[in-house]
Amino acid sequence: MKPIIQTLDLNFQGHSETVAAFLVVSNDEVALVETGPHSTFETLKTACQAAGHPLETIKKVFLSHIHFDHAGAAWTLAAMGATIYVHPFGEKHLIDPSKLYNSARQIYKDEMDTLWGKMEGIAPERLHATQHGEKIPLGNSEMIAWHTPGHAVHHIAWQFEQDLFVGDVGGCKIGTGIVVPPCPPPDVDVEAWVESILLMKNLPVKRLHLTHFGQVTQIKKHLNQLERRLKRWANWMKPRYEKGLTANEITPQFQAFTDRELTRYGIVGEHKAQYDSANPAWMSVMGLMRYWHKKKI
Ligand SMILES: [Zn+2]
């Protein structure tokens, strides 16, 4: 039987095509790539049920990385008996998410629950720290883990035959829009990201699956555009960071800079709201400031 890949739209914050999870069915085995945040857990549950694969049947969950919009509901799947495959650097934060949760709480404050929901610890025996190049059997095929830092040090791109699930290291591209690099703190690293882009370009795959959002078939064009824009954003930030401007001063300027780019490509209204929701400007400001800070010390 041919494997099936199905994109599940988690309808994050009421926006369609903003945050995805993916069902992968190989032979009679069902896996999930990404879980979305816990705040969209009911949507995930309903979508899996509607696809004929209720959550109880999912025994393997592959996470691109541990940010809330990708991994926030992993603990619920683990509690139902699934094994969670994660980068070795992410494992301890899933066992004890208090550091992750508390630092996010300082940023999001009262919005924490509505944006992300709850995050509870995962029992160590339900976690599998996955090495670079490791192959995990799935049905009559396998998932291959490619460590791909740049967006986060704990990032994995998962290859399933000729499909590659690229999490955030493959950028955000919504509908017919442009590809943009989500640059959150604390470990955006432009050089590492460029190396990961090269790694992805050299894989024998035909499709990329973006968590934000969906399928890309023009892989080289997409990844070249991502690399160019990542460098452009980082270079835009450099003189402002060096001048000693604060994040509060830079954010409106960066928002205007990226808005101009979106408008130029006809991305307005709800389409722009999808981009802002998947990749808020203030977040990339914080991440890129930290990147230049780390390069200085
Ligand atoms: Zn992320």
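User: Which residues does Gln-274 touch, leaving out those up to four places away in sequence?
Analyst: In this predicted model, Gln-274 touches His-15, Ser-16, Glu-17, Thr-18 and Ile-174.

User: Where does Gln-274 lie?
Analyst: Gln-274 lies in helix 10, which covers residues 269–278.

User: Is Gln-274 buried or exposed, and why?
Analyst: Buried. Gln-274 has a relative accessible area of 8%, and it counts as buried because the cut-off is under 20%.

User: On to the metal. What coordinates the zinc ion?
Analyst: Three histidines and an aspartate: His-65 through NE2, His-67 through ND1, His-151 through NE2 and Asp-168 through OD. The distances run from 2.1 to 2.4 Å.

User: What spacing do the donors follow along the chain?
Analyst: The spacing is H-x1-H-x83-H-x16-D.

User: Is the site regular or irregular?
Analyst: The zinc site is irregular, with angles of 84 to 175° among its 4 donor atoms.

User: Are His-65 and His-67 buried or exposed?
Analyst: His-65 is buried, at 0% relative accessibility. His-67 is buried too, at 17%. That value puts His-67 in the buried class because the class takes in anything under 20%.

User: Now pockets. What is the volume of the largest pocket?
Analyst: About 890 Å³.

User: Which residues lie nearest its centre?
Analyst: His-67, Phe-68, Pro-184, Pro-185 and Pro-186, out of 34 lining residues. His-67 is also one of the zinc donors.

User: Which elements give two or more residues to that lining?
Analyst: Helix 2 (68–71), helix 4, helix 5 (98–108), helix 6 (112–116), helix 10 and helix 11. Helix 5 gives the most, with 6 residues.

User: How does the lining of the largest pocket divide by class?
Analyst: Into 21 nonpolar, 8 polar and 5 charged residues.

User: And the second largest pocket, what volume does that have?
Analyst: About 160 Å³. Its lining is made up of Lys-173, Gly-177, Ile-178, Val-179, Val-216, Thr-217, Gln-218, Lys-221, His-222 and Gln-225.

User: Which helix gives the most there?
Analyst: Helix 8, residues 219–242, with 3 residues. By class, the lining of the second largest pocket has 3 nonpolar, 5 polar and 2 charged residues.

User: Switching to cavities. How many are there of 30 Å³ or more?
Analyst: The structure holds 2. The largest has about 120 Å³ of space.

User: Which residues are closest to the centre of the largest cavity?
Analyst: Trp-233, Thr-258, Leu-262, Asp-276 and Asn-279, from a lining of 15 residues.

User: Which elements contribute two or more residues to it?
Analyst: Helix 9 (247–264), helix 10 and helix 11 (281–296). Helix 9 gives the most, with 6 residues. Helix 10 is the helix that holds Gln-274.

User: What classes make up that lining?
Analyst: It has 8 nonpolar, 4 polar and 3 charged residues.

User: What about the second largest cavity, which residues line it?
Analyst: Ala-71, Ala-74, Trp-75, His-93, Leu-94, Pro-97, Met-119, Glu-120 and Ile-122. Helix 3 (74–79) and helix 4 (88–95) are the elements that give two or more residues.

User: What are its volume and class split?
Analyst: The volume of the second largest cavity is about 30 Å³. Its lining divides into 7 nonpolar, 1 polar and 1 charged.

Methods. Residues are numbered from 1 along each chain as its sequence is written. This is a predicted model: local features need pLDDT of at least 70, side-chain atom pairs count only at pLDDT 80 or more; totals for chains, interfaces and linings use all residues. Side-chain values use heavy atoms; hydrogens and water are left out. Helices (H or I, at least four residues) and strands (E, at least two) are DSSP runs, numbered from the N terminus. Buried means under 20% relative accessible area, exposed over 50%, partly exposed in between (1.4 Å probe, protein chains only). Contact means heavy atoms within 4.5 Å. On a 1 Å grid over the protein atoms alone, a cavity is a set of points where a 1.4 Å probe fits but cannot get out, and a pocket is an open set with protein on both sides within 12 Å along at least five of seven lines; lining residues have an atom within 4 Å of a point. Grid points are joined across faces, edges and corners, and a volume is the space filled by probe spheres set on the points. Ala, Val, Leu, Ile, Met, Phe, Trp, Tyr, Cys and Pro count as nonpolar, Asp, Glu, Lys and Arg as charged, and the others, Gly among them, as polar. Donors are N, O and S atoms within 2.8 Å of the metal (3.2 Å for Na, K and Ca); water is not among the atoms, so sites may look incomplete. Four donors count as tetrahedral if all angles lie between 85 and 135 degrees; four count as square planar and six as octahedral if opposite donors are over 155 degrees apart and all others between 65 and 115; anything else is irregular.
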